[in-house]
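Hi,

Here is the structure I said I would pass on. Please open it first, then read my notes below.

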Amino acid sequence: MQSIRQVGICGIGQMGAAAAVCFKRAGYEVLLWARNPKKLDLVEQTLHTLETWMDLNVGPVTDSGGTIRRLQNLKTLDENADLVMDCIAEDMGQKTELFRRFPHCKARGAIFITTTSGLSITEMGRLSGCGHLLAGTHFWNPPHLMPLVEVVRGEDTPDGVIEQVCQLVKSLGKIPVKVQRDVPGFIGNRLLHALWRESINLVERGIATPEDVDLVARLTFGLRLPVIGPLENMDLVGLDLIERIHQYLLADLADNHGPSEYLTKSTSEGRLGMKSGKGFYDWQSRNPEEVVQKRDIQIVHQLSFLDQLETNLAEGKASDTNLSGPSA
Ligand SMILES: NC(=O)c1ccc[n+]([C@@H]2O[C@H](COP(=O)([O-])OP(=O)(O)OC[C@H]3O[C@@H](n4cnc5c(N)ncnc54)[C@H](O)[C@@H]3O)[C@@H](O)[C@H]2O)c1
């Protein structure tokens, strides 16, 4: 196994472009490939916007040595990359077809990583012949800001590959969390979709409006989550009380094993959310850019606050923590 300097990123949608910026800021030489030359031209502006935003809100990176080279030719990537990262469509056939196109990388023992949100790493590795070199790296959106990456082991992924991918994630300034079994949704999406299934159900049953469901999530347990995870919280509450609550509550929670009728009706009627103008909310009268900007600034502030909290706790001065957060 070789050290990683040149990182080949395939696909320049939401994840690919932002991942390129993360790798560049960490000093890697990025080879950014897209099959559509027009997109390759357009991505320059996207990269510029992302980098400027990061410089302004997270802080500039000086002399990282990182670069981004845009490529139309996958062969150049195959001949040079020490690592291949898939950021193309969430489709097993397309991802395996892509990974089959790197004979030189495979021969050199380059590492393959996939940003899949939940497809089987084992199946992807076996279908594309690179299972012994492949790990899942579930970056969260927005990838340039979210601090944690789930590193997913397929059945054929050796320990060495997992360790090297974890080191890679750390070198990006992010925290790797190992997912030891290749289960659908890994860790985060299993938790998130359990919450989303129940949220849909509350609206579907007329128990609360979408606005109120969101408000309760944001301003109750949502406020605690950055410092207390669900399991730690249960310990604080007391497992005996949790047990008693589960005796009457769980039977009433949503337990549908597929999309709910409400969701299927919405999509069949063209209510797809922000991109179609209507979902749970009416997006004609809302500004999606404002929502995304608010989300991103909140993440930057929250992370900076958590850093400061950790430092203060380590120095034994938790009460000195500046609760107003950074002045970004
Ligand atoms: N967007 C998210 O919130 C998010 C979060 C975590 C993981 N992911 C995963 O990351 C991956 C990429 O998602 P995204 O949101 O960036 O998608 P996207 O649609 O924004 O971008 C995908 C890009 O890949 C290109 N592409 C599609 N099929 C291709 C192929 N066969 N060959 C070459 N290029 C191809 C598309 O033209 C597009 O530019 C998916 O696997 C997705 O599940 C997405």
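H4 passes H6 in a right-handed crossing. Keep in mind that this is a predicted model. H4 covers residues 92-99, and H6 covers residues 121-128. The two helices pack at an angle of about 45°, and their axes are 8 Å apart. An angle from 35 to 65 degrees counts as oblique, so H4 and H6 are oblique to each other.

Which residues make the contact? From H4 come Met92, Lys95, Thr96 and Phe99. From H6 come Glu123, Met124, Leu127 and Ser128. By class, the contact has four nonpolar, two polar and two charged residues.

H4 also meets the sheet. The helix lies across S1, S4 and strand S5 (111-114). Against S4, H4 runs at about 160°.

Now the sheet itself. The sheet is open and has eight strands, with mixed pairing. Their order is S3-S2-S1-S4-S5-S6-S7-S8. Strand S3 (67-71) and strand S8 (175-179) are the edges, and each pairs on one side only. From one strand to the next, the twist averages 25°.

Look at S1 and S4 in particular. Strand S1 spans residues 6-10 and strand S4 spans residues 83-86. They pair in the parallel sense, over four bridges. Valine 7 stands opposite leucine 83 in S4.

Last, the domains. The domain assignment gives domain 1 (6-179), domain 2 (188-255) and domain 3 (287-328). The centres of domain 2 and domain 3, taken over C-alpha atoms, are 24 Å apart.

Best wishes

Terms used
Residues are numbered from 1 along each chain as its sequence is written. This is a predicted model: local features need pLDDT of at least 70, side-chain atom pairs count only at pLDDT 80 or more; totals for chains, interfaces and linings use all residues. Two strands pair if DSSP finds at least two bridges between them. Axes are lines fitted to C-alpha atoms, for helices over the stretch in contact, and angles run from 0 to 180 degrees between N-to-C directions. Two residues are in contact if their C-beta atoms, placed from the backbone, lie within 7 Å. Domain bounds come from an automatic or database domain assignment. Angles under 35 degrees count as roughly parallel, over 145 as roughly antiparallel, 65 to 115 as roughly perpendicular and the rest as oblique. A crossing is left-handed if the near helix is turned anticlockwise from the far one by less than a right angle, and right-handed if clockwise. Ala, Val, Leu, Ile, Met, Phe, Trp, Tyr, Cys and Pro count as nonpolar, Asp, Glu, Lys and Arg as charged, and the others, Gly among them, as polar.
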